[in-house]
Amino acid sequence: MSMLHARNVTEQRLPGLIGALEQRGRMALETADSAEVCELFRRYRAAGLIIPETYGGLGVSTRETVEILRVVGSLCPSLAVMMTMHHHTIATIVQLGGLIPAADELLCAIAQNQLLIASAFAEGKSGAQIFNSSVKAQAVEGGFLLSGSKKPCTMSHHMDVIVVGVVRENADGGFTQGFAVVFEDGSRVTRQPFWNTPVLAAANSHALVFDEVFVPSERMLLAEGDDEAVAASVQETSLSGLCWFQLMVGGTYLGVVSAMAGLLLARRGGEDAPLAQLAIELEGAQQALIGTARELEEQRAADEATYAKALCTRFMVQGAIERSSNLAVEALGGMAFIRSNEVAYLLAASRAICFHPISRAAAVPLLADFLGGSVAAHG
């Protein structure tokens, strides 16, 4: 089964992590202080997972990343959410190599020192619309001042670096969009309480407030309207990061529902029909994620068609997760639900996939256009 293969991949790439998570226990981790979960993130050198080997990272492929996140999601959903946010940001930073002078240096530092990255972007839509941000950039001598907020932001109290989507207002009233890299080294970034539910609380997702935070020019990338090459690179970068994100989200929450299936398998003694249907749903979702990940690996640059396929995969997997969780809860029965909070917790955590960008409603225009183009091409 694909979960066994995923565990083998995880043990090979992050040796010892599975054992550490299993020894601590799923619910103990989910109710632990987030600092403990972040310490596991660093201790098992997961921060450099997808960073290319040339920068000192592990160079793990998109397919392997999806498998690893599924395993981690089954053992500690909050850590898998942290890893998703961190690594989709890393995927973006890799694309920025050569565009932001600090990008190459940052990737080496992350791999060497196991720095944790906070992702501070707005909800992504098609292409550059990911930059529709509540963080504004004002040009000053030597760089920019950032003001605004991002919420929620995972690992808000324990990250080392923030990669934030920004907008700069131009003299003509228009806006220029871009990225900023902010090191958490005494800068004027503050936190405010935001996450009030116990579900996934260990992921430490609170508000970050930027109060005229200075960022030097070499840590900024703005998609200037008169520079088509830079604008195209920013577009490509945002699409690539968004594709990674959809697949990582799918893998993470497929892991959560896989944990529910594991509870059912552990007490197997009833009908096999629910298990067979779970196998269909989980294996089908896994193969969809792996297939889309392979296509992303084979492309030099993501485009809108690739992003549309990643979205189709994510929403298909989301549907499979919803069906599987309902099936598992029903098959486990009312007594399992009553006797322990684990079943209810996993059910609630599995539903959080629908809160990650982009929303289904926001995806409608892109997916409708994608279907129209696909039908026309084959009509």
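**Exercises: salt bridges and a surface patch**

At 47% relative accessibility, Arg 188 counts as partly exposed, a class lying between buried (under 20% relative accessible area) and exposed (over 50%), with a 1.4 Å probe and protein chains only. The model is predicted: local features need pLDDT of at least 70, side-chain atom pairs count only at pLDDT 80 or more, and totals for chains, interfaces and linings use all residues. Residues are numbered from 1 along each chain as its sequence is written, and side-chain values use heavy atoms, leaving out hydrogens and water.

**Exercise 1.** Find which residue forms a salt bridge with Arg 188, and place both residues in the chain.

Solution.
- Step 1. The criterion is a side-chain nitrogen of Lys or Arg within 4 Å of a carboxyl oxygen of Asp or Glu.
- Step 2. Asp 211 satisfies it with Arg 188, the closest N and O atoms being 3.4 Å apart.
- Step 3. Asp 211 belongs to strand E7 (residues 206–216), and Arg 188 to the loop between strand E5 (175–183) and strand E6 (189–192), so the pair ties together parts 23 residues apart in sequence. Strands are DSSP runs of E with at least two residues, helices are runs of H or I with at least four, and both are numbered from the N terminus.
- Step 4. Asp 211 is partly exposed, at 39% relative accessible area.

**Exercise 2.** State how many salt bridges the whole structure holds, then describe the one between Arg 7 and Glu 22.

Solution.
- Step 1. A search of the whole structure gives 10 salt bridges.
- Step 2. In the Arg 7 to Glu 22 pair, the N to O distance is 3.0 Å.
- Step 3. Arg 7 sits in helix H1 (residues 2–13) and Glu 22 in helix H2 (residues 17–24), so the contact joins parts that are 15 residues apart in sequence.
- Step 4. Arg 7 is partly exposed at 29%, and Glu 22 is partly exposed at 43%.

**Exercise 3.** For the salt bridge of Arg 13 and Glu 64, determine where each residue lies and whether each is buried or exposed.

Solution.
- Step 1. The two side chains meet at 3.1 Å, N to O.
- Step 2. Arg 13 is in helix H1 and Glu 64 in helix H5 (residues 62–75), 51 residues apart.
- Step 3. Arg 13 is partly exposed, with 24% relative accessibility, whereas Glu 64 is buried, with 17%.

**Exercise 4.** Locate Ile 338 and assess its accessibility.

Solution.
- Step 1. Ile 338 lies in helix H11 (residues 334–339).
- Step 2. Its relative accessible area of 63% makes Ile 338 exposed.
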